[in-house]
Amino acid sequence: MISIKKLIFCFCFMNFCLAQELTTQIMPNYRQADIRQIIEAVGEVTGKNFLVDPRVAAEVTLLSFSPMSPDTFYNAFLATLQVHGYSAQESDGIVKIVPDANVRTLAGPNFSNSADDFVTQTVVLQNVAVANLVPILRPLIPQYGHLAAHVGSNTLIIADRSANVDRMLSIVSKMDQAADEEIEVIRLENSSASEIARMLTSLNQASVNAGNAPPAQIASDDRSNSILIGGSLNSRLRYRALIAHLDAPNESGGDTYVRYLNYAEAETLASNLQNQFTNIASGTNSSQNLSIWADTGTNSLVINAPNNILQDMILVIDKLDIRRAQVKVDAIIVEVTEDVSGEFGVTWGIDGSNGNNPVALTNFGGTTSGVAQIGAAITSGGATAASSLGNLVQGAAIAVGQISTDSNNVNTNWAGILSALRGDAATNIISTPTIVTLDNEEAEIRVGQEVPFLTGSFTNTGGVSGSVNPFQTIQRQEVGTSLKITPQINEGSGVKLTIEQETSSISAGSSGAVDLITNTRTITTSVFVDDSDILVLGGLIDDSIRESEQSVPLLGKIPLIGGLFRAQTAQEVKTNLMVFIRPTIMRDSIQANFETNAKYRYIRDLQLQQANDEIALIGNAERPILPELPSNPDQ
C-alpha cells in the first residue's frame, strides 16, 4: 500500500518534471519529504552525480513561491543540507554528501563561487603573530570547521564553508595591519630618569584603568639617564610632551633636591654620600656647592649639588634605598644524657683508749668516708651514736658494733658500717630558639634564668653571743639559651651565617654534690646553608665508664674476708649532644606574614587547649588567649 507522503512526493515530482519540459524555471515544494528523494530530484534537474553517505537521513520541507533556475535550485538544495547538518563536496564530477563532522577530511577546492561549499584556505600574516589571532577567531568557527596556526611560518589555516571563510579573511585582513608602535629613547638633561619613569608609569596605569588611553611601555636607563617609551604614536607624543615639561631646569636656578627614603637610614646614608661625592666634586671645582644633610624626622635627604653630580647621586640612592630581605633562623639543640653510678664499701672504727688498746679507723672515698662521724659515734654511744651513724652515708647502711657509755666499764668500743648506693639520672633537653633579623644585621636572643649558687657561709659558734650574725654568700649565674647570629644572603638562595650559640642547664647528677652542677655548651662558627635547609653545626657523643677500688693493704686481698676491707665505686655516663641550624629567607611581606602566622597560631592553639580548664579557687576567671588572626594579613 502506497503511503500518502509518497503519493504527495510523486505528484510534486510529476509537476516538477512537466514544468521542466515546458520552461527552465521551476517551483519545487516539499513537505516532510525524504532527503534522499530530494537528492534524486536535484540530480534529475542539474545532471549532477551524487554519492550519499549512509548516515545521511532527514525529512525535509522546502517551499518556494517564485520560479527558480536550476542553479538557484541547486543552491537552495545546498542550503537545505546545511540546515540539516550535511555538506556537499564536489570532486571529479561526483558530489559527496556527508555529515558536517566529516567534510573537513575530504579534498575540496580552495575557492568556490558557492557560499555553501566547504573550502580550505591558508593565510600568511605579515604584521601580527598568528598565535595571537587564533584565540580571537576560534569562537567564529563552527564545531565542524577547523582553525589552526603554524607558528614557524606565521600562517593561519581555515577550513569552513566558503561564506564563513570569506568573512574570516576579511577580519584577518583588517587586523593584519602594520602598527605605528616604535621605541623612542629620550635623554634627560635636568631630571632623574628613574624618578620620571616612576611618575609616568603611575599616570599610564591610571589612564589604562580608566579606559582613556591605550597602554604604553615605559622604562628608564639609569646609565644614560634616558627614558624609553613604546606604544602607539599618540601615546608616545603625549608622554614626550610630559617629559619635556618635567625635564625643565629649576626656575629659581637652585640645585636643591629633597629625597624621601623608604628603607635606608637617612643619617647614615647622608654621611656616606658626603664622603663619596666630596672627593668627586673636588676634581671639578664643585665641592663648595655640594652639601648633604639628613632630616631624621622624615627620614629624608636634602641635597645641594650641581646637576651632573646630583644625577649620579640619585642613581646611587636608588640602588641603596631598597627593601632588604630578612632571615628567620631556627636553632635546634638536642641533648640526651644518661648517668648511672654505684658504690659499695665497709668502714671500720675501733676505740680502745680506756682499755689501753689502740685506736684504728678505715677511711675510703665516696659515700663511705666518715672518719669524724664514726669516731663520734664510738665515743658518744647510746642514742647519740645512732644519730651519728645515721649521718655517715647516703643510700642504704647497715651498722654493727659494741659501744659502751659506762666510763667505769673498761671495754673496747668498735663499729662497722656497710653502705650501698646506686644513682640513676637522665637528662633530655630540646631547645629551639628562633630569631628574625635583616640581611647583614647582627641579632641576639637570650632565654634563661638567674640561678643562685652558694659560695660561702659563716655561723656564730663561739665568742660573745650575738656579736656576729650568721650569713651566707650567694652568686647568681645565668642559665639558659643564647643565640647571636649575623646572616648574609648571597645572589642565589644560600645564606652565610656567623653564629655564636651557647646553651647551659642544671645537671641532674647520679651522685651527691655539694651544690648545683651546670652544663655549658658553646659553639662559635661560620657556615653556609641553603634556604630552608638544615645543617648540623656540631655535637658531642661521649660514652664514659669510671671504676675505682680502695682497700686496706694485705687485708683487702684476703679471699672472702677481704671484701670487708674494700670500697668500690663505678659510674657510666652517656652524653649525646647535637646542634642544628635552619635559615629561612623572607624576601617580601608575604613570606614574612606566612612565617609569623605559623608561630602565632601555634601559641594560640596551646592557649585554646587550656581554655576549658578551670582555674583552681577562681572559678569565674578566664585564661588569656591571643586574638584570632584577621583573614586579611594587611589588616
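Q: Why does Arg240 count as partly exposed?
A: In this predicted model, Arg240 has a relative accessibility of 35%. Buried would need a value under 20%, and exposed one over 50%. The 35% of Arg240 falls in between, so partly exposed it is.

Q: What makes Arg240 and Glu184 a salt bridge?
A: The N-to-O distance between their side chains is 2.4 Å. The cut-off is 4 Å, from a side-chain nitrogen of Lys or Arg to a carboxyl oxygen of Asp or Glu. The pair comes in at 2.4 Å, so it passes.

Q: Why does the pair of Arg240 and Glu184 tie together separate parts?
A: Arg240 sits in helix H8, whereas Glu184 belongs to strand S9. The two parts are 56 residues apart in sequence, so the pair links them.

Q: Is Glu184 buried or exposed, and how do you know?
A: Its relative accessibility is 15%. Buried means under 20%, so Glu184 makes the cut.

Q: How do you know which strands are the edges of the sheet that contains S9?
A: This open sheet has three strands in the order S9-S11-S10, with antiparallel pairing. Strand S9 (182-187) and strand S10 (217-221) each pair on one side only, which is what marks them as edge strands. On average, neighbouring strands are turned by 20° against each other, direction ignored.

Q: What makes S10 and S11 a pair?
A: Two strands pair once there are at least two bridges between them. S10 and strand S11 (residues 226-231) have five, and they run antiparallel. One of the bridge partners is Ser226 in S11, matched with Asp221. Helix H8 (residues 233-246) packs on this sheet and touches S9, S10 and S11, at about 155° to the direction of S11.

Q: What makes Glu195 and Arg198 a salt bridge, and where do they lie?
A: Their closest N and O atoms are 3.0 Å apart, and the limit is 4 Å, so the pair qualifies. Both residues lie in helix H7 (residues 193-210), three residues apart, or about one turn of the helix. The pair also takes part in a salt-bridge network with Arg259 and Asp318. Arg198 has 43% relative accessibility, so it counts as partly exposed, the 50% mark being where exposed begins.

Q: Why do Lys574 and Glu572 still count as a salt bridge?
A: The closest N and O atoms are 3.9 Å apart. Within 4 Å is what the rule asks for, so the pair is in. Both ends are partly exposed: Lys574 has a relative accessible area of 34%, and Glu572 has 30% relative accessibility. By this rule the count comes to 14 salt bridges.

Q: How do you know that Met168 is buried?
A: Its relative accessible area is 0%. Anything under 20% is buried, so there's no argument about Met168. Met168 is in helix H6 (residues 162-175), and beyond its sequence neighbours it touches Leu137, Leu140, Ile141 and Ile158. Take Ile141: it is 27 residues away from Met168 in sequence, yet 8.7 Å away C-alpha to C-alpha.

Q: Which residues make the nonpolar surface patch, and what makes Ile350 eligible?
A: Phe344, Ile350, Ile398, Val400, Trp414 and Leu418 make a patch of about 510 Å². Members need over 30% relative accessible area, and Ile350 has 38%, so it clears that bar. Ile350 lies in strand S15. Strand S15 (326-351), strand S17 (396-402) and strand S18 (413-431) each supply at least two of the patch residues.

Q: What makes the phi of Asn299 stand out?
A: Phi of Asn299 is near 50°, a positive value in a residue that isn't glycine. Most residues other than glycine have a negative phi. Asn299 is in the loop between strand S13 (291-295) and strand S14 (300-304), and it counts as partly exposed at 22% relative accessibility. Asn154 also has a positive phi, near 55°, and sits in the loop between strand S7 (146-150) and strand S8 (155-161).

Q: How do you know that S2 and S5 pair?
A: Four bridges join S2 to strand S5 (residues 94-99), and the strands run parallel. At least two bridges are needed, so S2 and S5 are a pair. Among the bridges is that of Asn49 with Ile94 in S5. Helix H2 (residues 35-46) lies across S2, S4 and S5, at about 160° to S2.

How values were computed:
Residues are numbered from 1 along each chain as its sequence is written. This is a predicted model: local features need pLDDT of at least 70, side-chain atom pairs count only at pLDDT 80 or more; totals for chains, interfaces and linings use all residues. Side-chain values use heavy atoms; hydrogens and water are left out. Buried means under 20% relative accessible area, exposed over 50%, partly exposed in between (1.4 Å probe, protein chains only). Contact means heavy atoms within 4.5 Å. Patches are made of residues with over 30% relative accessible area and no salt bridge: like charges are joined within 9 Å, nonpolar side chains (Val, Leu, Ile, Met, Phe, Trp, Tyr) within 5 Å. Accessible areas come from the Shrake-Rupley method with a 1.4 Å probe; for residues, only the protein chains shown count as cover. Axes are lines fitted to C-alpha atoms, for helices over the stretch in contact, and angles run from 0 to 180 degrees between N-to-C directions. Lists of a residue's contacts leave out its neighbours within four places in sequence.
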